[in-house]
Amino acid sequence: MERRQFLRGTGAAIGGSLLVGCAGGGGDSGTVTVDYAYYNPVSLVLREKGWLEAAFADTGTDVEWVLSLGSNQANEYAQSGEADVSSTAGIAALMARTNGVPITTPYVYSEPEWTALVTFEETGIESVEDLEGSRVAATRGTDPYFFLLQALDDAGLSEEDVEVVNLQHPEGQSALVRGEVDAWAGLDPHMAELELEHDGAELFFREPRYNTYGFLNFLDGFLADRPEDARRVIEAYERGREWAIGNPTATAGILADASEMSEPVAERVFTQRNDLSEPIPGEPHRELLADLSPILEREGLVTDDADPAGNVDDLIDSEFASEVV
């Protein structure tokens, strides 16, 4: 099934492809390529309802969908120019922009609490301090990975004090279930599935403010060369967002069907851990990313001469979508 795919190698979004530039033009003018992701419920609504295709029906432009299993993969689509529009966490978008991937964020698809640190009761891990010397699954270059780094920092630890096992999110979940790792920096809906359907699974560290929003990123070339097409994408997203807010049960059902997870899992993810009320990025997003930018430098996730704090304003566009929203 799609959500169980593990694209080996895509987890290494740092240290390799994202540390170089990107051609990243606007793509084929006859096609718009947009990602969908289980961590972006509105993308699933759009794909299910066909509203993005409807937005382009009078243009002759084809809509192509690609699956992102994590922010790292979404950033790789942007870096290669394979997707005009992609879904990442805020800090992952900033990392990519700082490393030369030409993306801009004019729209926020969610304010989620989609990550926490997860273990099983029998491991004896009750706090972040207990992770010292442990094996922890995480997908480098994604919000759960940055969440883990922040949690370790709070506890007076660093990545050097644990063994980070770099696995795509579904594989991290599976590794924890099999006992191959001691803990997992989880991502919904996989995290909620583990929490609800596996006895003994515990979210032993939660901190909502360490989740860095869901950013909808557009290639700079796409925004510059095809602004009307970009506007159509945002209009479709607004239609999907408003429908999802008004139809939470149906949205959870779409998430359940797409991800092949149960209705209770999907309901927890969408109704308890997603806030769709603020789609325009602004000062709270700038402040959060500016505060977190030193992590990118400290952990060597950006080039030596990079200035992630200085790229925050280049990344966030508060004006483009304002006429639509």
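**Exercise 1. Which residue forms a salt bridge with Glu283, and how far apart are the closest N and O atoms?**

Keep in mind that this is a predicted model.

Step 1: Look for the partner. Glu283 pairs with Arg286, and the closest N and O atoms are 3.1 Å apart.

Step 2: Place both residues. They sit in helix α12 (residues 283-298), 3 residues apart, about one turn of the helix.

Step 3: Bring in the helix geometry. An α-helix has 3.6 residues a turn, so residues three or four places apart point the same way.

Step 4: Check the surroundings. Glu283 counts as partly exposed because its relative accessibility is 45%, while Arg286, at 17%, is buried.

**Exercise 2. Work out which parts of the chain the Arg232 and Arg206 salt bridges tie together.**

Step 1: Start with the total. Searching the whole structure turns up 16 salt bridges.

Step 2: Take Arg232. Its side chain meets that of Asp58 in a salt bridge (3.0 Å, N to O). Arg232 belongs to helix α9 (residues 227-246) and Asp58 to the loop between α2 (51-55) and β2 (62-67), so this pair ties together parts 174 residues apart in sequence. Arg232 is buried at 16% relative accessibility; Asp58 is exposed, with a relative accessible area of 63%.

Step 3: Do likewise for Arg206. Its salt bridge is with Glu113, with the closest N and O atoms 2.9 Å apart. Arg206 is in the loop between β9 and β10 and Glu113 in the loop between β4 (103-112) and β5, so the pair ties together parts 93 residues apart in sequence. Arg206 is partly exposed at 41%, and Glu113 is buried at 13%.

Step 4: Look for a network. Asp188, Glu195, Arg268 and Arg273 are linked in one made of salt bridges.

**Exercise 3. Trace the strand pairing around β6, then see what covers helix α6.**

Step 1: Pair β6 (residues 135-138) with β7 (residues 163-166). The two run parallel and are joined by 4 bridges, with Val136 standing opposite Val164.

Step 2: Follow the connection. From β6 the chain passes through helix α5 (residues 143-154) to reach β7, making a right-handed β-α-β crossover.

Step 3: Add the other partner. Strand β8 (residues 183-185) is also parallel to β6, joined by 2 bridges, and Ala137 faces Trp184 there.

Step 4: Turn to α6 (residues 169-177). Of its 9 residues, 8 are buried, including His169, Glu171 and Leu176. Those buried residues pack against β5 (117-120), β6, α5, β8 and α7.

**Exercise 4. Find the unusual backbone spots.**

Step 1: Know the baseline. Most residues other than glycine have a negative phi, and most peptide bonds are trans.

Step 2: Check the peptide bonds. Asp188 and Pro189 are joined by a cis bond, with omega about 5 degrees; Pro189 lies in the loop between β8 and α7 (190-197).

Step 3: Check phi. Tyr213 has a positive value near 65 degrees and lies in the loop between β9 (201-205) and β10. Glu260, in the loop between α10 (248-259) and α11 (263-273), has a positive phi of about 60 degrees.

Step 4: Ask whether each is buried. Tyr213 is, at 14% relative accessibility, whereas Glu260 is partly exposed at 46%.

**Exercise 5. Describe the setting of Asn217.**

Step 1: Locate it. Asn217 is in strand β10 (residues 214-219).

Step 2: Judge its burial. The cut-off for buried is under 20% relative accessible area, and Asn217 comes in at 1%, so it counts as buried.

Step 3: List partners. The Asn217 side chain makes a 2.8 Å polar contact with that of Thr88. Beyond its neighbours within four places in sequence, Asn217 is in contact with residues including Asp84, Ala93 and Ile103.

Note on methods:
Residues numbered from 1 in each chain as written. Predicted model: local features only at pLDDT ≥ 70, side-chain atom pairs only at ≥ 80, totals over all residues. Heavy atoms only, no water. Buried < 20%, exposed > 50% of the residue type's maximum accessible area, 1.4 Å probe, protein only. Polar contact = N/O pair within 3.5 Å; in protein donor to acceptor, adjacent residues only side chain to side chain. Contact = heavy atoms within 4.5 Å. Pairing = 2+ DSSP bridges. Right-handed = clockwise from strand over helix to strand, strands pointing away. Salt bridge = Lys/Arg side-chain N within 4 Å of Asp/Glu carboxyl O.
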